[in-house]
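Hi,

Here is the structure I promised to pass on to you. Please have a look at it first, and then read my notes underneath.

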Amino acid sequence: MATKLPTIPTIARIIDVRDTRDRIEIDDRWVPVPGSGDLRPCDRCCREHEIHVDVELSDGRRANIGSGCARGESMEVQSRLKSAVSAAKTRSRLRAELAVAKDEHAHSLAAWREVEALQPPSAELLEEIPHERGVRQVWGMGDANVWVLPGAKFDAERQGVLLNSWRSKRYKERGFERPPYSYQSRVDDLSDRLAKIERKLGALVF
Ligand SMILES: [Zn+2]
């Protein structure tokens, strides 16, 4: 059985893995920006890496290496490192996405509150269309309008729908495609995924 040279300490533990690069969104994909991270000198190859791996060596010392600097280590260490680097990249991407999603949610909420504070135009009866089950009314508010069921009144529910329709138009004019709760659920989804990948990464480092 081959034995390792005693002068070269091996990796005993992976302590932490971090991808320090910034991410930007290009065509719906979040890509790392080369050169945007913190360059840290590597104890193994003497180059500088933006993905930092902290390890403990077999002689008890700590070392800083990069994601591709574990050649010659045991298969287990190499495989754990590969998975941990992949999880660290995902974590970095999710953090960037979450920061943007939180920002979008805050802006959408502010825009909706701004719209709620606007004085809406008064509701006006636009049209009365004869129908076999009674007259059918169309009510308008600015550029929004709403139908009322034949024979039914323009009641609080219909008034609410009309006001909401008018506010939705003002909200969309401010550049928002989706309602604030939709931005909120994106934030929740990303937070869940980030928590999962952090647990995964926690299990991979040892
Ligand atoms: Zn290196």
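Below is what I found, going from the whole chain to its sheets, cores and helices.

Two points before the details. This is a predicted model, so to speak of local features I needed a pLDDT of at least 70, and side-chain atom pairs count only at pLDDT 80 or more, while totals for chains, interfaces and linings use all residues. Residues are numbered from 1 along each chain as its sequence is written.

**The chain as a whole**

The secondary structure comes to 3 helices and 10 strands; both are DSSP runs numbered from the N terminus, with helices (H or I) of at least four residues and strands (E) of at least two. Along the sequence, the pattern reads β-β-β-β-β-β-β-α-β-β-β-α-α. The radius of gyration is 29 Å, well over the 17 Å that the globule rule gives for 206 residues, so the chain is more spread out than a compact globule. Here the radius is taken over C-alpha atoms, and the rule is 2.2 Å times the number of residues to the power 0.38. Along the principal axes, the C-alpha atoms fill a box of roughly 95 × 30 × 25 Å.

Buried residues make up 19% of the 206 residues. I call a residue buried if 20 or more other C-beta atoms lie within 10 Å of its own, exposed if 12 or fewer, and partly exposed in between, with C-beta atoms placed from the backbone. As for contacts (C-beta atoms, placed from the backbone, within 7 Å), residues 24 or more positions apart account for 54% of those with a separation of 6 or more.

**The E1-E6-E7 sheet and what packs on it**

One open sheet has 3 strands in the order E1-E6-E7, with antiparallel pairing; strands pair if DSSP finds at least two bridges between them. E1 and strand E7 (62–65) are the edge strands, each pairing on one side only. Neighbouring strands are turned by 20° against each other on average, direction ignored. E1 and E6 are joined by 7 bridges, and Asp-16 stands opposite Asp-54 in E6. H1 packs on this sheet, touching E1 and E6, and its direction makes about 15° with that of E1. For such angles, axes are lines fitted to C-alpha atoms, for helices over the stretch in contact, and values run from 0 to 180 degrees between N-to-C directions.

The largest nonpolar core has 17 residues, and those with the most contacts inside it are Ile-14, Val-17, Val-53, Ala-84 and Ala-88. A nonpolar core is a set of buried Ala, Val, Leu, Ile, Met, Phe, Trp, Tyr and Cys residues joined through C-beta atoms within 7 Å. Two or more residues each come from strand E1 (11–19), strand E6 (51–57), helix H1 (75–116) and helix H3 (180–204), with the largest share, 6 residues, from H1. Leaving out residues up to four places away in sequence, Ala-88 touches Val-17, Arg-18, Asp-19, Ile-51 and Leu-201.

H3 has Tyr-183, Ile-197 and Leu-201 as its buried residues, and these pack against E1 and H1.

**The E8-E9-E10 sheet**

Another open sheet of 3 strands runs in the order E8-E9-E10, again with antiparallel pairing. Strand E8 (124–129) and strand E10 (144–147) each have a single partner strand, so one side of each is left without a neighbour in the sheet. Strand E9 (residues 136–141) is joined to E10 by 4 bridges, and Gly-140 stands opposite Asn-145 in E10. Helix H2 (residues 156–173) lies across E9 and E10, at about 150° to E10.

**A hairpin and a loop**

Strand E2 (residues 23–26) and E3 pair in the antiparallel sense over 4 bridges. They form a hairpin with 2 residues between them, and Asp-27 in the turn has a positive phi of about 50°. Further on, Gly-35 lies in the loop between strand E3 (29–32) and strand E4 (40–41). With 9 C-beta neighbours inside 10 Å, Gly-35 counts as exposed.

Best wishes

Methods. Two residues are in contact if their C-beta atoms, placed from the backbone, lie within 7 Å.
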